[in-house]
Protein chains: 2
Amino acid sequence: VIDHPSPDNLPSAARVNGDRLWSRLMDMAEIGATQAGGSNRQALSDDDQAGRELFLEWATSAGCHATTDKVGNLFVTRPGRSNDDPPVVLGSHLDTQPTGGRFDGVYGVLGALEVVESLNDRNIETPVPLQIAVWTNEEGSRFPVSMMGSAVWAGSLDLAEVLCLRDTEGISVGTELDRLGWVGEAPFGHPMAAYIELHIEQGPILEASSDPIGVVTGVQGLRWYTISFAGSPAHAGPTPMDVRQDPARALASALQSIYGVAADHGPWARATPAQFRSFPVSPNTVPAEISFSLDLRHPDSQTLDSMDRAVTAVVSEAARTHQCGSAITVDNYSAPVDFDAGLVSMIEAAANGCGFPNQRIVSGAGHDACYVATKAPTAMIFVPCENGLSHNEAESISALDAQRGADVLLGTALKVFDELA
Amino acid sequence: VIDHPSPDNLPSAARVNGDRLWSRLMDMAEIGATQAGGSNRQALSDDDQAGRELFLEWATSAGCHATTDKVGNLFVTRPGRSNDDPPVVLGSHLDTQPTGGRFDGVYGVLGALEVVESLNDRNIETPVPLQIAVWTNEEGSRFPVSMMGSAVWAGSLDLAEVLCLRDTEGISVGTELDRLGWVGEAPFGHPMAAYIELHIEQGPILEASSDPIGVVTGVQGLRWYTISFAGSPAHAGPTPMDVRQDPARALASALQSIYGVAADHGPWARATPAQFRSFPVSPNTVPAEISFSLDLRHPDSQTLDSMDRAVTAVVSEAARTHQCGSAITVDNYSAPVDFDAGLVSMIEAAANGCGFPNQRIVSGAGHDACYVATKAPTAMIFVPCENGLSHNEAESISALDAQRGADVLLGTALKVFDELA
């Protein structure tokens, strides 16, 4: 090992092999390829298995050894100088949406593999191991819990419950894990020196500002609600407008106010009303009830709480103004995640070191990094995707941006190793 | 016949027997009675048949003779001095909604019968016959065309098409008409000197103003639309508010404007948005599309056209403002009906003659009178119903109002006969 250069002797802006990375991204996309150019490798399917096998073939050739835990999370390790110390972990997921793209998740795993290859190419020995995590069922499309593997690993979800989750055909997670031979002995929540996840942005911000790198400072918190207004059903003809208790009036007023609440809480606030329904389904009756879902997001917990209070107030006010009843139920709450400040700074420094324009950004979508962040210093790197499109077969990134993101991942990993040396 | 008083010798405010009327309303309600106190005598069912048989028993005892036409409309005639001249016709329907009330339709038929009985009680011979029309399938709940019998009678619907209409069990109108023996030889569109329909208001206006009598001047025209806004589906988290094409924003804005259009077109304008739907049904995706139905009504044809233009404009404007697409389809159009001015004045005079506070009113709901009005001088009399409730088992009117409405029907009929004498 004596002739291996140590990371601190490397140029601060070492680069990965972008062609190899792109070629592997394209090869992986052939597994479960869809006619429209995307990928369909749903969690714990034969294609998900085939994707892992291809990845393992590459990783094993690169000198890594693999383990899995009881929920099938796959950890691939490139040994370091001291293998008793916690590894630096890079990763994401290989499963896709049924009509998924070629990059969501996959890019983070193959970007991590490219870091391994780049260290190999330079004969770099790291002070502690470098590990690639491939989390099970991040998408939650076949088995309806997203970020399933990382949540179980972090102790946020119960293994026994998760094993009983079934797909629409009645097949359980446990059955599929056994069938595919994914159950291993790796412990949940094992120590990590750091966890860095490279991912496509899945939004339009980087593309709009022409920054190839997003330094992700955290993940928005979210609150999901079901909001309903109750009116008094009445005949659309005889009933004068001014005596109606029309929930569509309350709806119109509440929607306007909800968008106002989002505007009042700054550029990071998000409000998404959806799932509109009304009853009875009759064209000539003032509806008895109208309901819709509301997805509120903000990266700051107190601001999200303030949005929650404001929305509750405007819904009541809209109902009162139009003599309707109202109800709000909270269907889901996920607290904002703040990534590790030191790691965020290192990502920023790595991007600057490569000379890549970058901006700090908050993830609007959830990622495995959210759960890992509860156990280890964590941060994420984003690259732009075309038109912000994701969960879509047309999902697209440029080969140059793919390379740049992996360059920053490599640079950041080298900085972390530097600190650990 | 020589000792019969002629109508012009009668007191101008002859009264019906309110107890008999109420008792018959309650007896009829027992046929197809529902647990919640309403009636279920759907068109061309055994209970509809039983209702007609009870009515015919009373009408025959009162000296009337019955005929039907090829769509089962029942005409019961009390002969007059000259039976070659067109009759004065009173009537409505005996079929109900599945969870119908005791008065919708029934009141107009039994009120007409009460006029016959009152003429009999006073030995009055009329110059022309008095006829009671019982129209087939006014409700359109079992067989999905409302005002079916009167529409065929008036030539607005084709008999052959109507005979092929099927209920949800696949049974056709033609099959049921044959089974029940309702097919007769009476001609469609036979001449009528006048047609007067007594009905519950099915709205809250008379109750609110404490007027026991509504002098119905016409029926609102209606336009039914399906309106949709198309946006661009996007992830609820990463997508900034200001780059979204969110159809819920267009919806909120359009709804506000639509209520504004109704307000701008005066107290008789009605706008009822209903049947809200959105796609995809996902809480964390900006909807690709939101649609709703809109029911617009106004008694004046030009005003209804103006509302149509205004709604078309505000929908386009809402879509343009929020960078969405929009589509409007017209699903139904029914022109406003103006009742016969002379007959309307006679109803008003009859109500005033009885000393009953009254107001001119426009029907928001459709009635058999709409179709009859295309063939004969027509008008309607309304009485208040509790809370404006109808098409509901809790539908309720007071016995006093029931009597007053029938008094006005009698008084109006006497005035018409007076003119014909």
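What follows is a chat about a predicted model of a structure with chains A and B.

Visitor: Start with the chain contact. How many residues does each chain put in?
Guide: This is a predicted model, to begin with. The contact takes 49 residues from chain B and 49 residues from chain A.

Visitor: And how much area do chain B and chain A bury between them?
Guide: About 3800 Å². Carbon and sulfur atoms account for 64% of that area.

Visitor: Which three residues of chain B supply more of its buried area than any other three?
Guide: B:Tyr259, B:Phe276 and B:Pro283. Together they supply 16% of what chain B buries against chain A.

Visitor: How many salt bridges between chain B and chain A?
Guide: The count is 0. Polar contacts are another matter: 16 residue pairs are in polar contact between chain B and chain A, both residues at pLDDT 80 or more.

Visitor: Which elements of chain B each supply at least two residues to the side that touches chain A?
Guide: One helix and three strands: α8 (247–264), β9 (270–279), β10 (285–286) and β11 (289–298).

Visitor: How does that side of chain B divide into nonpolar, polar and charged?
Guide: It has 25 nonpolar, 16 polar and 8 charged residues.

Visitor: Switching topic. How many salt bridges over all chains?
Guide: A search of the whole structure finds 29. Side chains of opposite charge can pair when their charged atoms come close.

Visitor: Give me one inside a helix. Where do A:Arg404 and A:Asp401 lie?
Guide: Both are in helix α12 (residues 399–420) of chain A. They sit 3 residues apart, about one turn of the helix. Their side chains meet in a salt bridge at 3.2 Å, N to O.

Visitor: A:Asp401, buried or exposed?
Guide: A:Asp401 is buried, at 13% relative accessible area. Its partner A:Arg404 counts as partly exposed because its value is 23%, and buried means under 20%.

Visitor: Now a pair from distant parts of the chain. What does B:Arg20 meet in a salt bridge?
Guide: B:Glu114, at 2.6 Å, N to O. B:Arg20 is in helix α1 (residues 18–29) of chain B, and B:Glu114 is in helix α3 of chain B. The two are 94 residues apart.

Visitor: How accessible is B:Glu114?
Guide: B:Glu114 has a relative accessible area of 1%, so it is buried. B:Arg20 is buried too, at 18%.

Visitor: What about B:Asp167? Which residue does it form a salt bridge with?
Guide: B:Arg142. The closest N and O atoms are 2.9 Å apart. B:Asp167 lies in the loop between α5 (159–163) and α6 (173–180) of chain B, and B:Arg142 in the loop between β4 (130–134) and α4 (148–153), so the pair ties together parts that are 25 residues apart in sequence. B:Asp167 is buried at 11%. B:Arg142 counts as buried at 15%.

Visitor: Over to chain A. Which residues are linked in a network of salt bridges?
Guide: A:Asp46, A:Arg142, A:Asp167, A:Glu176 and A:Arg179.

Visitor: Back to chain B. Where is B:Arg102?
Guide: In the loop between β3 (88–92) and α3 (106–121) of chain B. B:Arg102 counts as partly exposed, at 21% relative accessibility.

Visitor: What is B:Arg102 in contact with, leaving aside its neighbours within four places in sequence?
Guide: B:Leu25, B:Met26, B:Ala29, B:Glu30, B:Gly37, B:Ser39 and B:Glu395. Take B:Leu25: it is 77 residues from B:Arg102 in sequence, yet 7.2 Å away in space, C-alpha to C-alpha. For B:Gly37, the backbone oxygen lies 2.8 Å from a polar atom of the B:Arg102 side chain.

Visitor: And B:His265, buried or exposed?
Guide: Buried, at 17% relative accessibility. B:His265 is in the loop between α8 and β9 of chain B. Its side chain joins that of B:Ser306 in a polar contact of 2.6 Å. Among its other contacts beyond the sequence neighbours are B:His298, B:Thr303 and B:Met307.

Visitor: Last one, cysteines. How many disulfides over all chains?
Guide: The structure holds 0. For A:Cys370, the nearest cysteine sulfur is that of A:Cys385, 17 Å away.

Visitor: A:Cys370 and B:Cys164: which is buried and which is exposed?
Guide: A:Cys370 is buried, with a relative accessible area of 14%. B:Cys164 is exposed, at 53%.

Conventions:
Residues numbered from 1 in each chain as written. Chains lettered and ligands numbered in written order. Predicted model: local features only at pLDDT ≥ 70, side-chain atom pairs only at ≥ 80, totals over all residues. Heavy atoms only, no water. Contact = heavy atoms within 4.5 Å. Buried area = accessible area lost by both parts, 1.4 Å probe. Salt bridge = Lys/Arg side-chain N within 4 Å of Asp/Glu carboxyl O. Polar contact = N/O pair within 3.5 Å; in protein donor to acceptor, adjacent residues only side chain to side chain. Helix = DSSP H or I, 4+ residues; strand = E, 2+ residues; numbered from the N terminus. Nonpolar A, V, L, I, M, F, W, Y, C, P; charged D, E, K, R; others polar. Disulfide = S-S within 2.5 Å. Buried < 20%, exposed > 50% of the residue type's maximum accessible area, 1.4 Å probe, protein only.
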